[in-house]
Amino acid sequence: MTHPRIGLGWDVHRIEPGRPLRLVGLTLDPDRGPVAHSDGDVLAHAVVDALLGAAGLDDIGTLFPDDDPRWKGAAGPALLELAVAALADAGWRPLQVDAVIIADRPRIAPHRDALRRALADCLGLGPGDVNVKGKRTEGLGGLAGGAGIGCRAIVQIGPLGDTPR
Ligand code: MG
């Protein structure tokens, strides 16, 4: 199995006042954020699940159970780091990520470049191999009106030790 593989991940969290919204270590809103056992970083969680899926490993909920006190308040970048380590143990490394964050607020566009850089840093990739964009709900579904935030991510991984492209 030396060919590149792809993985898909998605995550969603309810948003409430009185907590910060942090994605890959960046605070996008200090006052309205996700309700979660961890820090509720939908971008990190979707990418972690995509990476694990691509490598054929257990999913994020199995690796980091939400009833395990070790993961209470766990930061997105820390979970990404652990996922990359799990991939390496299995002989894989991240090659590329594309992610879309679904939220009516905050607006993602002003944070796109910073999110790309931060996520790329977490994965040991260049910003050119990581894309992040935002999409609003058009008032449809449970995330509408800022009630929640979601993220879908697709990743490509390749064998560890292959020369970089
Ligand atoms: Mg999550």
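**Notebook: fold, metal site and a few residues**

**Entry 1: the chain as a whole**

I began with the contacts of the chain between residues at least 6 apart in sequence, and 71% of these join residues at least 24 apart. A reminder to myself: this is a predicted model, and every value I note here is computed from it.

I then looked up the secondary structure and found four helices and seven strands. Read from the N terminus, the order of elements is β-β-β-β-α-α-α-β-α-β-β. The radius of gyration came next: it is 15 Å, close to the 15 Å of the globule rule for 165 residues, so the chain is as compact as a globular protein of that length.

For the outline, I took the box along the principal axes, and the C-alpha atoms fill roughly 45 × 35 × 25 Å. I also checked burial, and 44% of the 165 residues count as buried. The accessible surface comes to about 8,200 Å², with 52% of it belonging to carbon and sulfur atoms.

**Entry 2: the magnesium ion**

Which protein atoms serve as donors of the magnesium ion? I found Asp 11 (OD) listed twice, together with His 13 (NE2) and His 45 (ND1), at 2.2 to 2.8 Å from the ion. Along the sequence, these donor residues follow the spacing D-x1-H-x31-H. Asp 11 and His 45 link distant parts of the chain: Asp 11 sits in strand S1 (residues 5–17) and His 45 in helix H1 (residues 42–54), 34 residues apart.

Are the donor residues buried or exposed? I went through them in turn. Asp 11 has a relative accessibility of 14%, which is under the 20% cut-off, so Asp 11 counts as buried. His 13 is also at 14% and counts as buried. His 45 is buried too, with a relative accessible area of 7%.

**Entry 3: His 13 and His 45 up close**

I stayed with His 13, which has its place in strand S1. Its side chain makes a polar contact of 3.2 Å with the side chain of Asp 11, so far as I can trace it a link between two of the magnesium donor residues.

What else lies by the side chain of His 13? A polar atom of that side chain lies 3.2 Å from the backbone oxygen of Val 35. His 13 and Val 35 are 22 residues apart in sequence, while their C-alpha atoms are 6.3 Å apart in space. Not counting residues up to four places away in sequence, His 13 touches Pro 34, Val 35, Ala 36, Gly 40, Val 42, His 45, Gly 148 and Ile 149.

I made the same kind of list for His 45, which is found in helix H1. Leaving aside neighbours within four places in sequence, His 45 is in contact with Asp 11, His 13, Ser 38, Asp 39, Gly 40, Ile 60 and Leu 79. Both other donor residues, Asp 11 and His 13, are therefore on the contact list of His 45.

**Entry 4: aromatic rings**

How many aromatic pairs does a search of the whole structure find? I got one. The rings of Phe 64 and Trp 71 have centres 4.8 Å apart and planes at 80 degrees; as this angle is over 60, the pair is edge-to-face. Phe 64 and Trp 71 are both buried.

**Entry 5: Gly 134**

I closed with a glycine. Gly 134 has its place in strand S6 (residues 130–135). With a relative accessibility of 36%, Gly 134 counts as partly exposed, between the 20% and 50% cut-offs. Setting aside neighbours within four places in sequence, I find Gly 134 in contact with Val 100, Ile 101 and Ile 108. I also looked up Gly 134 and Leu 95, which are 39 residues apart in sequence and 22 Å apart from C-alpha to C-alpha.

Technical notes. Residues are numbered from 1 along each chain as its sequence is written. This is a predicted model: local features need pLDDT of at least 70, side-chain atom pairs count only at pLDDT 80 or more; totals for chains, interfaces and linings use all residues. Side-chain values use heavy atoms; hydrogens and water are left out. Donors are N, O and S atoms within 2.8 Å of the metal (3.2 Å for Na, K and Ca); water is not among the atoms, so sites may look incomplete. Helices (H or I, at least four residues) and strands (E, at least two) are DSSP runs, numbered from the N terminus. Buried means under 20% relative accessible area, exposed over 50%, partly exposed in between (1.4 Å probe, protein chains only). A polar contact is a pair of N or O atoms within 3.5 Å; within protein, one must be able to donate a hydrogen and the other to accept it, and residues adjacent in sequence count only if both atoms are side-chain atoms. Contact means heavy atoms within 4.5 Å. The radius of gyration is taken over C-alpha atoms; the globule rule is 2.2 Å times the number of residues to the power 0.38. Accessible areas come from the Shrake-Rupley method with a 1.4 Å probe; for residues, only the protein chains shown count as cover. Rings of Phe, Tyr and Trp (its six-membered ring) pair if their centres lie within 6.5 Å; planes under 30 degrees apart count as stacked, over 60 as edge-to-face and the rest as tilted.
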